[in-house]
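Good morning, and thank you for coming. May I ask you to look at the model on the screen while I speak?

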Amino acid sequence: MINVRKLAEKINIKGRLLFEEPMRYHTSFKIGGPADLFVMPSGQEELKRILAACFENSIPFFILGSGANILVSDSGIRGVVIDMENIRGIEVEGRRVSSYAGTPMTDLSLEACNNSLSGLEFIYSMPGSVGGSVWMNARCYGKSISDVLERVTIFDRNLFLQELKVKKDDFGYKVSPFQKTREIILKATFRLKPGKREESQREMDRVRRDRETKGHFLFPSAGSVFKNNRDFGMPTGKLLEKAGLKGLQVGEARISDFHANIIINTGKARASDVRELIEIAEEKVLEKFGFRLEREIIFVGEW
Ligand SMILES: Cc1cc2nc3c(=O)[nH]c(=O)nc-3n(C[C@H](O)[C@H](O)[C@H](O)COP(=O)(O)OP(=O)(O)OC[C@H]3O[C@@H](n4cnc5c(N)ncnc54)[C@H](O)[C@@H]3O)c2cc1C
C-alpha cells in the first residue's frame, strides 16, 4: 500500500485533493474503482510540484485527460491520479492556436472557428482533452491530430519544460511519440488555415450530427474499442459484426447494437465485464478470420 497521505501533506496545493476517489466519476465509461489519491492541480506550478513529489517519493502517477479512452479496473488505481481539467486556456496568434492540455478538444475547434481558422472542424464534439488527444493522436473523419499539430510543450522526466517541434514521422495511426516517452503534455500548438466561420460551423454541425445519428452519446462508452487495420479489408466494426458479436452482453456491459466496435455501459457495468467482452471479441475474431485485434482503449489501474 502506497502512503499517499504523507505525499498529500507535502504537496500543499489550492486545487482539489481527494482520497479513495471513485474513478467512475471521471471516465466516459462511468466505470472504475478508487484512486488512492486524486489531485486536480489548479495550474502549471502546482502540476510541477505534484510531479516532483511523486518522482522524489517514487510514487506512481497517472495523468488523466477527460477519461474518454480508458478502462479503469474495478480495484482502481494505486498511487496518484493527476487530473488536468483545470490546466486549460486557449491563445490565438495569427494562424496558430495554442492550448493547455486540459482544454476540451471541442472548445478548441470552436475557438478556431470563431477566429475564422480552419483545420480543427473534424474533431468537434469528440470527447477528450487536448493533452489526451495529442497523446492518442486522435483520428476521425479521415484526419488525425498530427495533421495540424505543430509544437508540443512538455515536462520531461527531469521536470524541465521543453517545446518540441512535431516531426510527422514520429506519429502514426493513433500513435504518438508520447506513448513511449511518457512525458507530460502541458500545451499544444496547432497551425491552421484561414477559413470562413460559417463554413467551419457547418462542418462542425455535420460531424456532431453524424456522431449523434450513430448513437455515440446514447450510453457511457469510450468510443472504439479496437483500432482499424487495413489488412482486415473492412472497418473493425464490420468485422466484429460479421463475427456475430453485436448485442453480446456480459453483466451490464454490452457490445452495442448500433456499432460492434463500441462497448457500452448499460447501467452498472464493471470493468471486468468490459474486459471479458473484449477478450471474447479478440478470441472470436482470431478464430473466425485469423486477425489479431489491436486494442485502442487503454487499460488503467490494478488488474
Ligand atoms: C463517444 C466517444 C466517441 C469517440 N470517438 C473517437 C474518435 O472518433 N476518434 C478517436 O480517436 N477517439 C475517439 N474517442 C476516444 C477519445 O475521445 C479520444 O481518444 C480522446 O483523444 C481521449 O482524450 P482524453 O483527454 O479523454 O484522454 P484520456 O482517456 O484521459 O487519456 C488517454 C491517454 O492519454 C494520456 N494523457 C492524457 N492527457 C495527457 C497529458 N496531458 N500528458 C500526457 N499524457 C496524457 C493518459 O495518461 C492516457 O494514457 C471517443 C470516445 C467516446 C466516449
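I shall discuss the surroundings of the ligand and then a pair of helices.

This is a predicted model, in which local features need pLDDT of at least 70, side-chain atom pairs count only at pLDDT 80 or more, and totals for chains, interfaces and linings use all residues. Residues are numbered from 1 along each chain as its sequence is written.

I begin with the ligand. It is surrounded by 32 residues, a residue being near if its C-beta atom, placed from the backbone, lies within 6 Å of the molecule. The closest are Gly65, Gly128, Gly131, Gly132 and Gly223. Strand E3 (61–64), helix H4 (130–136), strand E9 (139–140) and strand E13 (184–191) are the elements that each give two or more residues to this shell. Helices (H or I, at least four residues) and strands (E, at least two) are DSSP runs, numbered from the N terminus. H4 gives the most, with five residues.

I turn now to the helices. Helix H6 covers residues 197–213, 17 residues in total. From first C-alpha to last, H6 reaches 24 Å, close to the expected 24 Å, which is 1.5 Å times one less than its number of residues. After H6 comes Gly215, with a positive phi near 85°.

Helix H3 (residues 105–114) packs with H6 at an angle of about 155°, their axes 8 Å apart. Axes are lines fitted to C-alpha atoms, for helices over the stretch in contact, and angles run from 0 to 180 degrees between N-to-C directions. H3 is therefore roughly antiparallel to H6, a term for angles over 145 degrees.

Notes:
Angles under 35 degrees count as roughly parallel, over 145 as roughly antiparallel, 65 to 115 as roughly perpendicular and the rest as oblique.
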